[in-house]
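Q: Could you walk me through the wording used for this model, term by term?
A: Gladly; let's have the structure in view and take the terms in turn.

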Amino acid sequence: MGSGTEMKCLNDPQDDDSCSSNSNDFAYSDFSEKNSLNGQYSDADSENQNVLSDHNPSKKKYETEHHHSSASFGMSVLNLCNAIMGSGILGLSFAMANTGITLFVILLVSVAIFSLYSVHLLLKTANEAGALVYESLGHKAFGIPGKLAASCTITMQNIGCMSSYLYIIKYELSVVIQSFTGASDGEWYINGDYLVILVSIIVILPLSLLRNLGYLSYTSGLSLLCMVFFLIVVIIKKFQIPCPLPIPDSGNETMHMFNSTPHSDNVTTDDDTCKPKYFVYNSQTVYAIPIITFAFVCHPTILPMYDELKDRSRRKMQNVANVSFLAMFIMYLLAALFGYLTFNIHVGPELLHTYSKFYKHDILLLVVRLAVLTAVTLTVPVMLFPIRTSVGHLLFPKKDFSWIRHVIIALSLLAGTNILIIFVPSIRNIFGFIGASAAVMLIFILPSAFYLRLVKKESMKSMQKIGALMFLILGFAVMFLCMTLIIYDWIVNSMKDQGH
């Protein structure tokens with residue numbers, strides 16, 4: 001398996017934070033949230049090099065295109081916001097409903113601060129070690145096991161993100177088809193399982209079989225715009241949807257279409273519906289931390305963005321992260337708050353789907369669904385590319401490009417992901433499991449472990465090293481606690497289902 005791309009820092013004694021050396025080994029594309037494996041191997045074959053740039057057959061097999069550090073501060077902030085923002089925003093209202101407003105805000109602030117501290121550790125370690133790729137840090141710190149740990153964790157995170165996007169297709173496409181056709185629930189063509197398979201075969205698979213996806217590089221910005229549009233609609237609907245809520249799936253389509261206040265006989269009667277809570281603890285509370293952690297993961301893309309930053313310095317990149325995380329914190333808080341205040345105890349694991357239970361035929365929500373479905377459908381093949389790159393290097397190192405292997409890996413990944421989302425009952429389980437495992441690894445465990453191992457100039461008794469050690473211990477504690485409680489919740493729910 002090839003070594004990760006490395007960046008050697010020029011040690012300027014007058015600016016310990018700066019690193020102005022250039023790289024001929026890395027080509028960064030800001031195409032999607034969290035699909036950070038693209039370009040992770042400097043010796044990737046022609047299948048995997050620059051999947052979002054035009055393929056140049058005249059280039060040597062193991063050579064990637066040289067990129068100058070030319071991204072401005074504002075563009076870097078936008079790129080990092082693109083990397084942070086994703087499907088996790090759809091689960092935050094569910095997290096708030098099961099923690100309460102106050103506890104949720106505490107958790108959101110904490111994870112945002114921890115994520116920024118993790119960025120600080122990554123940047124400092126990268127300067128010290130002279131590597132600007134996550135896997136390279138793993139290799140320098142712990143050899144092949146470290147590189148495998150980083151690569152497998154990022155692959156697992158990307159598979160989780162791809163699965164969450166396919167879940168959105170499964171949930172939302174049937175609602176869109178029902179809105180246009182008026183079909184009943186019994187029709188096969190509004191069955192989410194069938195629809196996600198059809199979309200995977202007809203749209204996603206052909207795009208995934210291409211050797212480059214240059215024309216899909218705009219999906220990053222499109223996804224961010226869709227989520228901003230979604231946030232605006234969530235805020236608007238809070239003031240349009242009455243409380244108490246209308247009865248789910250009411251037959252009064254006129255009410256659905258124009259959002260008029262329903263008759264008093266056609267509303268929910270639960271007293272808790274209109275009373276927001278500030279502290280909540282139940283069996284679903286355990287999913288809150290993984291959902292929030294999942295929503296903030298972007299760390300494998302930090303170092304490539306650092307490489308691209310104009311007039312690069314560690315302090316400047318940290319400021320890029322500060323602004324980006326603040327913007328996403330505000331968006332996440334608003335989406336979670338207004339979504340929760342709209343539905344309170346009735347909010348589901350996927351907020352957009354919750355609206356369909358009460359307002360299935362609303363035109364504005366239909367437009368949001370179409371926009372989000374378009375964005376996620378085009379993003380899935382882009383995310384599959386770096387996963388296939390990693391799998392190919394793990395299973396077939398130093399092999400030349402083969403169309404047969406190319407197709408088999410793509411088919412296997414897509415089939416496996418489809419099976420996963422068909423048999424896993426809720427997107428909450430994807431958010432929970434990936435958030436408690438891969439996301440915790442990428443935010444807490446790996447950055448602190450790399451820092452402790454590679455930053456030699458600081459004593460283990462220094463405050464910096466003690467802080468990193470505590471961060472590492474916290475990461476393992478969060479992972480163990482969340483995974484234990486999530487698995488326990490799965491077992492309990494399985495026993496309940498068998499009991500019925």
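Q: What makes α15 largely enclosed by the rest of the structure?
A: In this predicted model, local features need pLDDT of at least 70, side-chain atom pairs count only at pLDDT 80 or more, and totals for chains, interfaces and linings use all residues. Residues are numbered from 1 along each chain as its sequence is written, and side-chain values use heavy atoms, leaving out hydrogens and water. Buried means under 20% relative accessible area, exposed over 50%, and partly exposed in between (1.4 Å probe, protein chains only). In α15, 16 of the 17 residues are buried, so the helix is largely enclosed. Helices here are DSSP runs of H or I with at least four residues, numbered from the N terminus.

Q: Where is the kink in helix α15?
A: At isoleucine 445, shortly before proline 447, with a bend of about 35° in the helix that spans residues 438–454. The bend is the angle between axes fitted to the seven residues ending at a residue and the seven starting there.

Q: Why is leucine 454 called buried or exposed?
A: Its relative accessibility is 11%, so leucine 454 counts as buried. Leucine 454 belongs to α15 and touches Thr125, Glu128, Ala129, Leu137, Lys140 and Ala141, leaving aside residues up to four places away in sequence. Contact means heavy atoms within 4.5 Å. The C-alpha atoms of leucine 454 and glutamate 128 are separated by 7.0 Å, although the two are 326 residues apart along the chain.

Q: What is the orientation of α1 and α10 to each other, and why?
A: The axes of α1 (residues 73–84) and α10 (residues 314–343) cross at roughly 50° and come within 9 Å. Angles under 35 degrees count as roughly parallel, over 145 as roughly antiparallel, 65 to 115 as roughly perpendicular, and the rest as oblique. The pair is therefore oblique. Axes are lines fitted to C-alpha atoms, for helices over the stretch in contact, with angles from 0 to 180 degrees between N-to-C directions.

Q: What is noteworthy about phi at aspartate 311 and asparagine 344?
A: Most residues other than glycine have a negative phi. Aspartate 311 has a positive phi of about 50°, and so does asparagine 344, at about 50°. Aspartate 311 lies in the loop between α9 and α10, and asparagine 344 in the loop between α10 and α11.

Q: How do you know which of these counts as buried and which as exposed?
A: Aspartate 311 has a relative accessible area of 61%, so it is exposed. Asparagine 344 is at 1%, so it counts as buried.

Technical notes: Helix = DSSP H or I, 4+ residues; strand = E, 2+ residues; numbered from the N terminus.
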